[in-house]
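Please find below some remarks on the model, set out as numbered points so that each can be checked against the coordinates. They begin with a pocket and then turn to the strands and their pairing.

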Amino acid sequence: SIKIINVKENENISFIQTKSGIYFPIEILAKKTVLYKVIYSQKVKNNQIEYILTSTQKWGKPLEEAQFIIKLPLNLELKYISYKYDVKKEESNFIIFKIHKENFMPKKNLIIKWAERLK
């Protein structure tokens with residue numbers, strides 16, 4: 001499932017879904033800032049995900065700010081993450097990892113691998 005929200009306007013943004021991903025229009029006036037929240041989830045079969053970030057290089061300009069929040073249930077353990085996380089905390093039934101980047105021009109995708117925690 002995918003949901004995109006214009007945070008300031010608190011409105012859902014329509015998007016187009018294709019074989020290679022999703023696309024949504026962004027209109028940003030000069031010297032203005034727009035904040036979008038993208039909520040994404042899908043079932044996985046091989047205990048890993050890859051979130052494509054390198055497509056931003058086509059823009060020719062870095063993201064001013066990016067934040068990624070990874071929530072793993074307590075019965076899972078993180079085996080690999082392609083970017084160093086800034087925060088790791090336990091909350092409710094999850095271990096939460098936060099990655100915060102500024103002036104961010106991704107050179108690689110966000111890849112996360114996990115395994116069931118041994119009891």
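1. A pocket, as the word is used here, is an open set of points on a 1 Å grid where a 1.4 Å probe fits, with protein on both sides within 12 Å along at least five of seven lines. The model is a predicted one, and this should be kept in mind throughout. With that understood, the second largest pocket holds about 190 Å³ of space.

2. Which residues line the second largest pocket? The lining is made up of N6, K8 and E9, together with E27, I28 and L29, and then K32, T33, V34 and L35. By residue class, this lining of the second largest pocket divides into 4 nonpolar, 2 polar and 4 charged residues.

3. K37 belongs to strand β5, which covers residues 36-40. Its relative accessible area is 48%, and K37 is therefore classed as partly exposed, since that class lies between the limits of 20% for buried and 50% for exposed.

4. The surroundings of K37 also deserve a remark. When residues up to four places away in sequence are left out of the count, K37 touches K3, I4, I5 and V7. For E9, which is one of the residues lining the second largest pocket, the C-alpha to C-alpha distance to K37 is 11 Å, while the two are 28 residues apart in sequence.

5. Turning to the sheets, 3 strands form an open sheet in the order β7-β10-β9, and their pairing is antiparallel. The edges of this sheet are β7 (63-73) and β9 (87-91), each of which pairs on one side only. On average, and with direction ignored, neighbouring strands of this sheet are turned by 20° against each other.

6. Within that sheet, β7 and strand β10 (residues 94-104) run antiparallel and are joined by 10 bridges. As a point at which the register can be checked, A66 has K101 in β10 as its bridge partner.

7. Strand β11 (residues 110-116) is joined to strand β6 (residues 48-51) by 4 bridges, and the two run antiparallel. Here I49 stands opposite I112 of β11.

8. How many bridges link strand β8 to β11? Strand β8, which spans residues 76-81, pairs with β11 in the antiparallel sense over 5 bridges. L76 stands opposite E116 in β11, so that β11 should be examined for its pairing with β8 as well as for its pairing with β6.

Terms used:
Residues numbered from 1 in each chain as written. Predicted model: local features only at pLDDT ≥ 70, side-chain atom pairs only at ≥ 80, totals over all residues. Heavy atoms only, no water. 1 Å grid on protein atoms, 1.4 Å probe; cavity = no way out; pocket = protein on both sides within 12 Å on 5 of 7 lines; lining within 4 Å. Points joined across faces, edges and corners; volume = space filled by probe spheres on them. Nonpolar A, V, L, I, M, F, W, Y, C, P; charged D, E, K, R; others polar. Buried < 20%, exposed > 50% of the residue type's maximum accessible area, 1.4 Å probe, protein only. Contact = heavy atoms within 4.5 Å. Pairing = 2+ DSSP bridges. Axes fitted to C-alpha atoms, helices over the stretch in contact; angles between N-to-C directions.
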